[in-house]
Amino acid sequence: MHRIPLVFSLSLTALYFPFLSLFPLLSSSPPCLHTYCLSPLCWIIADIEEALSTDLVPGDVMVIPSNGTIMPCDAVLVSGTCIVNESMLTGESVPVTKTNLPNPGEGDKEGDGAYSMEEHKRHTLFCGTHIIQTRFYSGELVKAVVVRTGFSTAKGQLVRSILYPKPTDFKLYRDAYLFLLCLVAIAGIGFVYSIVLSIMNKVPAKTIIIESLDIITITVPPALPAAMTAGIVYAQRRLKRIGIFCISPQRINICGQLNLVCFDKTGTLTEDGLDLWGVQRVENGSFHLSEENAYKESLVKSQFVACMATCHSLTKIDGQLSGDPLDLKMFEATGWILEEATEEETSLHDRIMPTVVRPPKQLMPPEPVMSPEQDMELYDLSLAYEIGIVRQFPFSSALQRMCVVARLLGEKRMDAYLKGAPEVVASLCKKDTVPEDFADVLEDYTKQGFRVIALAHRRLESKLTWHKVQNVNRDQMEANMEFLGLIIMQNKLKAETAGVLEDLRRAHIRTVMVTGDNMLTAISVARDCGMIPPQDRVIIADALPSKDGQSAKINWRYADKPKTPHMSALFVRIPLSFNEKLYHFAMSGKSFAVISEHFQDVLQKLVLHGTVFARMAPDQKTQLIEALQSVDYFVGMCGDGANDCGALKRAHGGISLSELEASVASPFTSRTPNISCVPSLIREGRAALITSFCVFKFMALYSIIQYISSLYSCQDITSLWCIQ
């Protein structure tokens, strides 16, 4: 098919698409990698053609259907917005809003640099993710430019790790092969000895062949593989009865030697989603007592509730609110109603058509009586209490905050609302609005394992009009805020988690958490479930990459003492005495990548004592499994998402708690959606391993005894022939 070079608006002239070597992947790759579908292609002459997804190449402009699709490639969004389910890659089944890549000179720093997959994730649609819904404005179609295809995509790299994993070495099988080679050598010696002895005694050739070959079949038992499989077969049957299914029976024996198990967090150790525990408002620079919720008539018009109702990335899909669980719980706690422009309305207006939130009528104060001379429309307008979300600055994991600009119906001035990590939000607020005991209150909540979110507000200047707000820099908007208070969220553990981890600890099996979630949340969950005992200390390793001529370095800090200055030393002394406190290392995916690249010797020491690995990408989970295996651990992995597939395949014993994508790569799949299956698998693995080992010893000893007796009988037969 003839391809026309891509020429698009100013936004694409600033893009730099790195050269992608398209070696014969499309012709040699397995069918499962591609979603065979017809993808609409947009040409310069404004025509739209349909082409197979396998025919897409970097540079093509594709139109995203309004009713959604499964992405067949990695593409950057250049017009419109999309709501995407990225659970295939992240494991978090939370719809994410993707916006178009900004044009250069629009006041957004992102538009001024070259396109980067890592920096522009919120503008990139990844292969294999599900586009749930699209939105377009002023009649313009939702378009994206193809940047990667085949195995070069994020999904392709995941599929490659599943299809071509590094071979798993198991010592029992390796030693069994060596022993069989020894038996072959012994059989060879006996074979030569019997032939020589028979020839010397003039035994007939037919008898020599039968007796000599008989020695080989006796010495190397042909029934050995079948006999060793007996224990595995019975273990597999017992596993099936308790709801654990196996697609790689040989892994059952390996599970008997597991001495470390890695666990995903969300959906594995904890329940999916968060619950609102309470709120703690701030007025006049001091904390109020904590309240169970904000669903009160007295708070309906407060800035605190307005921030909870507007500062989020929620959207409606088929009439149902959808988005980040934290945002969803926070908005539901207000009891407010969210209204979005319909598809017909957005197609007629530009992108500043606002989303509106309003409280339910039962929370509003009693309506005053309308006088006869009042106009009905003006009366209804005076009673309406609605807030329109004018602009949204999406949540950034690097900035640890999100911000929205909103306007109350009938007001001329706008308001900015901020939500994010408490320390970050407090640093952006006026000092006199932050309570003096802020650090103590925050530490008290985090030690109890709660996830704490801070809120802030700022009244904007009257000169900032609707259109000017669209071009204001984010840093200017988020300065001089007023601190509003804290929202306390609780991520509940599954009922079986703590008991199972205690059983593993008593069996001297080490446990490690590998998650894509926030670092502090992961540490608090690790403490709650007993993975990190209360008396133990947690040291966070923050690795910084080389930049501006400076070499890469690692900073160390205590998780429970954020004010402790960074330790510049590369090594932390770990006490070996049982009387002293033990230490656990924690690190993020970015730090893990830097340490893997620049500090290989440190990495091995860190994985020996690392307990929490947060913000880990799918490929980094696999790399961690390999790093643990390199220090002689037999590693198990328990997860429930597609982002765990590579790690589940690479581990000595991977067990999936989901019957979806993860079960394809995982050797074991459990019907029970909790980690109680892990001890059962290890128990059956040990039983099968002992059975196989005992059968192996029996068969080997039986063969040696029979071999020696055969040599004696051979000598007797030759003696008889000699006498005759």
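**Figure 1. R505 forms a salt bridge with E502, with 2.6 Å between the closest N and O atoms.** This is a predicted model, and the first close-up stays within one helix. Both R505 and E502 sit in helix α17 (residues 497-506), 3 residues apart, or about one turn of the helix. The pair isn't alone: salt bridges with shared partners tie E502, D503, R505 and R506 into one network. How much of R505 can be reached from outside? Its relative accessible area is 47%, so R505 counts as partly exposed. E502 has a relative accessible area of 30%, so E502 is partly exposed too.

**Figure 2. E684 and R238 join side chains in a salt bridge (2.7 Å, N to O).** Here we've got a link between distant parts of the chain: E684 belongs to helix α24 (residues 677-723) and R238 to helix α7 (residues 224-241), with the two residues 446 apart. Is E684 buried or exposed? E684 counts as buried, because its relative accessibility is 14% and the cut-off for buried is under 20%. R238, on the other hand, has a relative accessible area of 29%, which makes R238 partly exposed.

**Figure 3. The side chains of K419 and D327 come together in a salt bridge (2.3 Å, N to O).** Again, the pair links distant parts of the chain: K419 is in strand β21 (residues 415-420), while D327 is in helix α10 (residues 325-334), 92 residues apart. If you're wondering about cover, K419 is buried, and D327 is buried as well. For the wider tally, the structure holds 16 salt bridges.

**Figure 4. E436, D437, D440 and D444 gather on the surface as a patch of negative charge.** Where does E436 sit? Look in the loop between α13 (422-427) and α14 (438-447). Is E436 buried or exposed? E436 counts as exposed because its relative accessibility is 84%, and the cut-off for exposed is over 50%. The other members of the patch named here are D437, D440 and D444.

**Figure 5. T446, a residue of helix α14, and its surroundings.** Which residues does T446 touch, leaving out those up to four places away in sequence? The answer is V452 and S524. L520 is worth picking out as well: T446 and L520 are 74 residues apart in sequence, yet their C-alpha atoms are 8.2 Å apart in space. As for cover, T446 has a relative accessible area of 34%, so T446 counts as partly exposed.

**Figure 6. Zooming back out, the protein has 24 helices and 31 strands.** This view gives the backdrop for the close-ups. Of the 724 residues in the protein, 49% count as buried. What about contacts between residues at least 6 apart in sequence? Among those contacts, 69% join residues at least 24 apart. The protein exposes about 35600 Å², and carbon and sulfur atoms supply 57% of that area.

Definitions and conventions. Residues are numbered from 1 along each chain as its sequence is written. This is a predicted model: local features need pLDDT of at least 70, side-chain atom pairs count only at pLDDT 80 or more; totals for chains, interfaces and linings use all residues. Side-chain values use heavy atoms; hydrogens and water are left out. Helices (H or I, at least four residues) and strands (E, at least two) are DSSP runs, numbered from the N terminus. Buried means under 20% relative accessible area, exposed over 50%, partly exposed in between (1.4 Å probe, protein chains only). Contact means heavy atoms within 4.5 Å. Accessible areas come from the Shrake-Rupley method with a 1.4 Å probe; for residues, only the protein chains shown count as cover. Patches are made of residues with over 30% relative accessible area and no salt bridge: like charges are joined within 9 Å, nonpolar side chains (Val, Leu, Ile, Met, Phe, Trp, Tyr) within 5 Å. A salt bridge is a side-chain nitrogen of Lys or Arg within 4 Å of a carboxyl oxygen of Asp or Glu. Lys and Arg count as positive and Asp and Glu as negative; His and the chain ends are not counted. The place of a charge is taken as NZ of Lys, CZ of Arg, CG of Asp or CD of Glu.
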